[in-house]
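User: I am new to this structure and would like a close look at a single part of it. Could you walk me through one helix and what surrounds it?

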Amino acid sequence: MSESSKPILYSYFRSSCSWRVRIALALKGIDYETVSVNLIKDGGQQFSEEFQTLNPMKQVPALKIDGITIGQSLAIIEYLEETRPTPHLLPQDPKKRASVRMISELIAGGIQPLQNLSILKQVGQENQLAWAQKAINTGFKALEQILPSTAGKFCVGDEVSMADLCLVPQVANAERFKVDLTPYPTISRINKTLLSLEAFQISHPCRQPDTPAELRA
(Lines give C-alpha, C1' and ligand atoms only; values in the text may rest on other atoms or scores of the structure.)
Protein backbone atom coordinates (compact mmCIF):
# COMPACT_ATOMS: atom_id res chain seq x y z
CA MET A 1 0.00 0.00 0.00
CA SER A 2 1.46 3.36 -0.97
CA GLU A 3 1.88 6.14 1.56
CA SER A 4 -0.89 8.23 0.02
CA SER A 5 -3.42 5.41 0.13
CA LYS A 6 -2.91 4.66 3.82
CA PRO A 7 -6.07 5.04 5.89
CA ILE A 8 -6.13 8.24 7.96
CA LEU A 9 -7.57 8.14 11.48
CA TYR A 10 -8.67 11.46 12.98
CA SER A 11 -8.23 10.76 16.65
CA TYR A 12 -7.66 12.22 20.11
CA PHE A 13 -5.42 10.23 22.44
CA ARG A 14 -7.92 10.20 25.33
CA SER A 15 -11.07 9.64 23.27
CA SER A 16 -12.51 6.25 24.16
CA CYS A 17 -14.33 6.10 20.81
CA SER A 18 -11.03 6.66 19.00
CA TRP A 19 -9.38 4.00 21.15
CA ARG A 20 -11.98 1.42 20.04
CA VAL A 21 -11.02 2.03 16.43
CA ARG A 22 -7.28 2.03 17.15
CA ILE A 23 -7.67 -1.43 18.73
CA ALA A 24 -9.56 -2.71 15.68
CA LEU A 25 -6.90 -1.36 13.31
CA ALA A 26 -4.16 -2.94 15.43
CA LEU A 27 -5.89 -6.33 15.64
CA LYS A 28 -6.44 -6.40 11.89
CA GLY A 29 -2.88 -5.30 11.17
CA ILE A 30 -3.95 -2.21 9.22
CA ASP A 31 -1.23 0.39 8.81
CA TYR A 32 -2.62 3.93 9.08
CA GLU A 33 -1.72 7.55 9.67
CA THR A 34 -3.00 9.52 12.66
CA VAL A 35 -4.20 13.10 12.50
CA SER A 36 -4.66 14.51 15.97
CA VAL A 37 -7.84 16.45 16.72
CA ASN A 38 -7.36 18.02 20.14
CA LEU A 39 -10.76 18.21 21.85
CA ILE A 40 -9.54 20.81 24.35
CA LYS A 41 -7.07 23.08 22.52
CA ASP A 42 -8.32 26.19 20.70
CA GLY A 43 -11.79 25.64 22.15
CA GLY A 44 -11.86 22.18 20.57
CA GLN A 45 -10.35 21.48 17.16
CA GLN A 46 -13.35 19.27 16.32
CA PHE A 47 -15.32 22.50 15.84
CA SER A 48 -13.04 23.77 13.07
CA GLU A 49 -14.53 24.24 9.62
CA GLU A 50 -12.02 21.81 8.18
CA PHE A 51 -13.00 19.01 10.56
CA GLN A 52 -16.73 19.67 10.24
CA THR A 53 -16.49 18.89 6.53
CA LEU A 54 -15.10 15.47 7.51
CA ASN A 55 -17.57 14.81 10.30
CA PRO A 56 -20.57 17.14 10.63
CA MET A 57 -21.16 15.75 14.15
CA LYS A 58 -17.86 17.37 15.19
CA GLN A 59 -16.72 14.22 16.97
CA VAL A 60 -13.77 11.87 16.78
CA PRO A 61 -13.02 9.39 15.43
CA ALA A 62 -13.32 9.73 11.69
CA LEU A 63 -11.58 7.32 9.33
CA LYS A 64 -10.65 8.04 5.74
CA ILE A 65 -10.37 4.68 4.00
CA ASP A 66 -11.06 3.22 0.56
CA GLY A 67 -12.09 6.62 -0.80
CA ILE A 68 -14.75 7.30 1.85
CA THR A 69 -14.85 8.96 5.26
CA ILE A 70 -16.67 7.18 8.10
CA GLY A 71 -17.66 8.68 11.45
CA GLN A 72 -18.99 6.80 14.51
CA SER A 73 -16.71 4.16 15.99
CA LEU A 74 -19.02 1.16 15.70
CA ALA A 75 -19.79 1.95 12.06
CA ILE A 76 -16.04 2.14 11.39
CA ILE A 77 -15.41 -1.18 13.14
CA GLU A 78 -18.26 -2.88 11.24
CA TYR A 79 -16.87 -1.55 7.94
CA LEU A 80 -13.41 -2.88 8.78
CA GLU A 81 -15.00 -6.21 9.69
CA GLU A 82 -16.87 -6.43 6.39
CA THR A 83 -13.92 -5.40 4.22
CA ARG A 84 -11.04 -6.92 6.19
CA PRO A 85 -12.62 -9.79 8.11
CA THR A 86 -9.46 -11.32 9.59
CA PRO A 87 -9.38 -11.70 12.53
CA HIS A 88 -13.13 -11.70 13.10
CA LEU A 89 -14.45 -9.12 15.56
CA LEU A 90 -18.02 -10.36 15.11
CA PRO A 91 -18.70 -14.06 15.72
CA GLN A 92 -20.15 -16.23 12.97
CA ASP A 93 -22.91 -17.54 15.26
CA PRO A 94 -25.93 -15.17 15.06
CA LYS A 95 -26.71 -15.44 18.79
CA LYS A 96 -23.15 -14.62 19.81
CA ARG A 97 -23.06 -11.83 17.22
CA ALA A 98 -26.23 -10.37 18.78
CA SER A 99 -24.57 -10.53 22.22
CA VAL A 100 -21.52 -8.68 20.91
CA ARG A 101 -23.69 -5.96 19.41
CA MET A 102 -25.83 -5.73 22.55
CA ILE A 103 -22.81 -5.21 24.82
CA SER A 104 -21.19 -2.80 22.34
CA GLU A 105 -24.36 -0.70 22.15
CA LEU A 106 -24.83 -0.80 25.92
CA ILE A 107 -21.43 0.83 26.32
CA ALA A 108 -21.31 3.01 23.19
CA GLY A 109 -24.92 4.19 23.47
CA GLY A 110 -25.84 3.72 27.13
CA ILE A 111 -22.74 4.72 29.10
CA GLN A 112 -20.08 6.63 27.18
CA PRO A 113 -22.25 9.45 25.74
CA LEU A 114 -23.57 10.32 29.22
CA GLN A 115 -20.06 10.98 30.56
CA ASN A 116 -18.66 12.47 27.38
CA LEU A 117 -16.90 15.84 27.38
CA SER A 118 -19.80 17.65 25.68
CA ILE A 119 -22.28 16.49 28.35
CA LEU A 120 -19.94 17.16 31.26
CA LYS A 121 -19.60 20.76 30.11
CA GLN A 122 -23.37 21.12 30.41
CA VAL A 123 -23.68 19.79 33.98
CA GLY A 124 -21.14 22.23 35.46
CA GLN A 125 -17.67 21.72 36.92
CA GLU A 126 -18.87 20.97 40.45
CA ASN A 127 -21.26 18.22 39.30
CA GLN A 128 -19.08 16.48 36.72
CA LEU A 129 -17.52 13.76 38.86
CA ALA A 130 -20.78 12.65 40.50
CA TRP A 131 -22.60 12.76 37.15
CA ALA A 132 -19.97 10.63 35.39
CA GLN A 133 -19.79 8.14 38.25
CA LYS A 134 -23.58 7.68 38.25
CA ALA A 135 -23.68 7.16 34.47
CA ILE A 136 -20.88 4.61 34.55
CA ASN A 137 -22.17 2.77 37.63
CA THR A 138 -25.66 2.46 36.15
CA GLY A 139 -24.27 0.92 32.98
CA PHE A 140 -21.70 -1.29 34.71
CA LYS A 141 -24.35 -2.74 37.05
CA ALA A 142 -26.32 -3.86 34.01
CA LEU A 143 -23.23 -5.13 32.20
CA GLU A 144 -22.01 -7.08 35.22
CA GLN A 145 -25.39 -8.87 35.25
CA ILE A 146 -25.23 -9.66 31.53
CA LEU A 147 -21.64 -10.88 31.23
CA PRO A 148 -21.93 -14.15 33.19
CA SER A 149 -24.30 -15.45 30.50
CA THR A 150 -22.07 -14.40 27.57
CA ALA A 151 -18.47 -14.31 28.74
CA GLY A 152 -15.69 -16.81 28.49
CA LYS A 153 -12.19 -15.44 28.52
CA PHE A 154 -13.58 -12.25 26.96
CA CYS A 155 -16.96 -10.48 26.81
CA VAL A 156 -18.50 -13.06 24.47
CA GLY A 157 -16.81 -16.44 24.56
CA ASP A 158 -13.08 -16.88 24.15
CA GLU A 159 -12.43 -14.70 21.09
CA VAL A 160 -11.83 -10.95 21.14
CA SER A 161 -14.84 -9.13 19.70
CA MET A 162 -16.16 -5.64 19.11
CA ALA A 163 -17.63 -5.78 22.64
CA ASP A 164 -14.13 -6.01 24.10
CA LEU A 165 -13.04 -3.03 22.02
CA CYS A 166 -15.77 -1.05 23.77
CA LEU A 167 -15.15 -2.45 27.25
CA VAL A 168 -11.49 -1.55 27.79
CA PRO A 169 -11.77 2.18 26.97
CA GLN A 170 -14.87 2.42 29.16
CA VAL A 171 -13.08 0.84 32.12
CA ALA A 172 -10.29 3.38 31.60
CA ASN A 173 -12.91 6.13 31.74
CA ALA A 174 -14.28 4.60 34.95
CA GLU A 175 -10.82 4.68 36.50
CA ARG A 176 -10.30 8.28 35.38
CA PHE A 177 -13.58 9.25 37.10
CA LYS A 178 -12.58 7.30 40.25
CA VAL A 179 -15.37 4.70 40.00
CA ASP A 180 -15.00 1.87 42.52
CA LEU A 181 -14.68 -1.26 40.36
CA THR A 182 -14.92 -3.70 43.29
CA PRO A 183 -18.62 -4.51 42.56
CA TYR A 184 -17.71 -5.48 38.97
CA PRO A 185 -15.42 -8.53 39.20
CA THR A 186 -16.33 -9.91 35.76
CA ILE A 187 -15.73 -6.58 34.03
CA SER A 188 -12.43 -6.21 35.91
CA ARG A 189 -11.27 -9.74 35.06
CA ILE A 190 -11.97 -9.37 31.34
CA ASN A 191 -10.40 -5.91 31.25
CA LYS A 192 -7.20 -7.18 32.87
CA THR A 193 -6.95 -10.06 30.37
CA LEU A 194 -7.51 -7.74 27.40
CA LEU A 195 -4.90 -5.23 28.57
CA SER A 196 -2.26 -7.98 28.36
CA LEU A 197 -2.81 -8.21 24.57
CA GLU A 198 -0.48 -6.25 22.29
CA ALA A 199 -3.25 -4.60 20.24
CA PHE A 200 -4.74 -3.08 23.39
CA GLN A 201 -1.32 -1.91 24.58
CA ILE A 202 -0.11 -0.20 21.39
CA SER A 203 -3.47 1.55 20.97
CA HIS A 204 -3.51 2.76 24.59
CA PRO A 205 -3.95 6.52 25.19
CA CYS A 206 -0.55 6.71 26.89
CA ARG A 207 1.20 5.61 23.67
CA GLN A 208 -0.30 7.86 20.98
CA PRO A 209 1.44 10.48 18.83
CA ASP A 210 -0.56 13.25 20.54
CA THR A 211 -0.17 11.95 24.11
CA PRO A 212 1.23 14.75 26.30
CA ALA A 213 4.73 13.99 27.62
CA GLU A 214 3.56 13.84 31.25
CA LEU A 215 1.01 11.12 30.42
CA ARG A 216 3.27 8.93 28.29
CA ALA A 217 4.17 5.43 29.44
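Analyst: Happy to! Let's take helix H1, residues 16–27: its twelve residues reach 17 Å from the first C-alpha to the last, close to the 16 Å expected at 1.5 Å a residue. That expected span is 1.5 Å times one less than the number of residues in the helix. Helices here are DSSP runs of H or I with at least four residues, and strands are runs of E with at least two, numbered from the N terminus.

Please keep in mind that this is a predicted model, in which local features need pLDDT of at least 70 and side-chain atom pairs count only at pLDDT 80 or more, while totals for chains, interfaces and linings use all residues. Residues are numbered from 1 along each chain as its sequence is written, and side-chain values use heavy atoms, leaving out hydrogens and water.

Now to the two ends of H1. At the N-terminal end, serine 15 acts as a cap, with a side-chain oxygen 3.4 Å from the backbone nitrogen of cysteine 17. After the helix comes glycine 29, whose phi is positive, near 65 degrees.

In between, H1 is mostly covered, with ten of its twelve residues buried (under 20% relative accessible area with a 1.4 Å probe, protein chains only; exposed is over 50%, and partly exposed lies in between). Among the buried residues are Cys17, Trp19, Arg20, Arg22 and Leu25. Their cover includes strand S1 (8–11) and helices H3 (73–83), H4 (94–110), H7 (162–176) and H9 (198–202), where contact means heavy atoms within 4.5 Å.

For a second buried spot, look at helix H8 (residues 185–194), which holds isoleucine 187. Isoleucine 187 counts as buried because its relative accessibility is 0%.

Methods
A polar contact is a pair of N or O atoms within 3.5 Å; within protein, one must be able to donate a hydrogen and the other to accept it, and residues adjacent in sequence count only if both atoms are side-chain atoms.
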